[in-house]
Amino acid sequence: MRGGGGANPSGNYRNPCLTMHQPWASLLVHGIKRIEGRSWPSPIRGRLWIHAASKVPDEATIKAMEDFYREIYAVNGITDLKFPEHYPISRLLGCIEVVGCVRGEELARWEMVPEGVRLEGQTDFCWLCEQPQKLLIPFEMRGYQRVYNLEKKIYEAAVRGLVSVEGPLPVKFPLPNPRDLFSLKPGSISVQFPKSKASDIEKSSSLSAAIAGARAAATQFTKKDENLSMVIPNGTPDTVRTDQSTSKSLKEGAMLDTNINERSSNDGTLVSNDKEQSFLPKSEASSSRNKTPEGVERRTGEPHKIFAASLRGLKPS
């Protein structure tokens, strides 16, 4: 496995995980989504665990994103996509391999990857994802903002339940330097192909409509902020609460990034990772928090019965 599986040369991340909204999370783990879009570059290479936030996706959002991927895969002649039957929430779903990160404009001109992949790259930074694996039994856990470490017990339970997924069009992103896992980084494509121009992919009316629909689906999570980027098809905001009862106030008050990473707790309170900056206003921060050995803040009293259920191969309650 390229990237060393759980091993990771970047910083203090041991078993890094990212919380995402549905349907984006499942589309990534099922190998349909190959580019994870963000307004910030990937801090890791190697295995990245994917956790689904607790917001229930509405049918219109699911349809918009499935239509988007149908159209961009059709550009490469693939018309028989099989989408996930379910989009579970508040669950650890599986993992992917992050093999590189480039800027959106670099990906657009990278002729070595399929046209459909280039259509996914519409964010400032594009995390390049390969080798999806899903959990046979997705199990419940809580998420945090940005990239964070899985707790040891969760990792030990999850790593034994993975199965490989064959996406409809698997992509191998070539490293400029095979000996350097970080050689596929922002600026590397511009250096490698300095005279390349963005490919002029002819957009049909249905493709244009699907792109517009995906943009509209993503904007349900946005909050206007002059210092942050607009959300686009493969991105959702970076900071939201996961408790459904607070979703209205979040839409009014949460600040966004290009994709979401969130902490899901019983009362919907967000907490931040030590390594990453939180965009949550200080007035909304919880005062009853302690630090875990993984260097991530969490609320006290977190239940751990999920671990035992996972180890027995049972679906947790």
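The pLDDT is the predictor's confidence in each residue, on a scale from 0 to 100. It applies here because the structure shown is a predicted model. Over residues 1-9 the pLDDT stays under 50, and the model gives this stretch 28 contacts beyond four places in sequence. Residues 223-317 likewise have a pLDDT below 50, with 247 contacts in the model beyond near neighbours in sequence. Where pLDDT is low, the predicted coordinates should not be read in detail. For the protein as a whole, the mean pLDDT is 74, and 63% of the residues reach 70 or more.

**Overall architecture**

The secondary structure consists of nine helices and nine strands. Of the 317 residues of the protein, 56% count as buried. Among contacts with a separation of 6 or more, 80% join residues that are 24 or more positions apart. The accessible surface comes to about 13,900 Å², and carbon and sulfur atoms contribute 50% of this area.

**Aromatic pairs**

A pair of aromatic rings is described by the distance of the centres and the angle of the planes. The protein has five aromatic pairs, and two of them are described here.

In one pair, the ring centres of Trp40 and Trp127 are 5.1 Å apart; their planes meet at 80°, so the arrangement is edge-to-face. Trp40 lies in the loop between strand 2 (35-38) and strand 3 (46-52), whereas Trp127 belongs to strand 5 (residues 125-140), so the pair ties together parts that are 87 residues apart in sequence. Are these two residues buried or exposed? Buried means under 20% relative accessible area. Trp40, at 8% relative accessibility, therefore counts as buried, and Trp127, at 0%, is buried as well.

In another pair, the rings of Trp49 and Tyr155 have their centres 6.1 Å apart and their planes at 90°, so this pair is also edge-to-face. Trp49 is in strand 3 and Tyr155 in helix 5 (residues 152-158); the pair links distant parts of the chain, 106 residues apart. Both Trp49 and Tyr155 are buried.

**Charges over the rings**

Which charged residues sit over the rings of Trp127 and Trp40? The table names them, with the distance from the charged end to the ring centre.

| Charged residue | Ring | Distance to ring centre |
|---|---|---|
| Arg38 | Trp127 | 5.7 Å |
| Arg146 | Trp40 | 4.1 Å |

The pair of Trp40 and Trp127 thus has an arginine over each ring: Arg146 sits over Trp40, and Arg38 sits over Trp127.

Note on methods
Residues are numbered from 1 along each chain as its sequence is written. This is a predicted model: local features need pLDDT of at least 70, side-chain atom pairs count only at pLDDT 80 or more; totals for chains, interfaces and linings use all residues. Side-chain values use heavy atoms; hydrogens and water are left out. Contact means heavy atoms within 4.5 Å. Rings of Phe, Tyr and Trp (its six-membered ring) pair if their centres lie within 6.5 Å; planes under 30 degrees apart count as stacked, over 60 as edge-to-face and the rest as tilted. Helices (H or I, at least four residues) and strands (E, at least two) are DSSP runs, numbered from the N terminus. Buried means under 20% relative accessible area, exposed over 50%, partly exposed in between (1.4 Å probe, protein chains only). A charge sits over a ring if NZ of Lys or CZ of Arg is within 6 Å of the ring centre and within 35 degrees of the ring normal. Accessible areas come from the Shrake-Rupley method with a 1.4 Å probe; for residues, only the protein chains shown count as cover.
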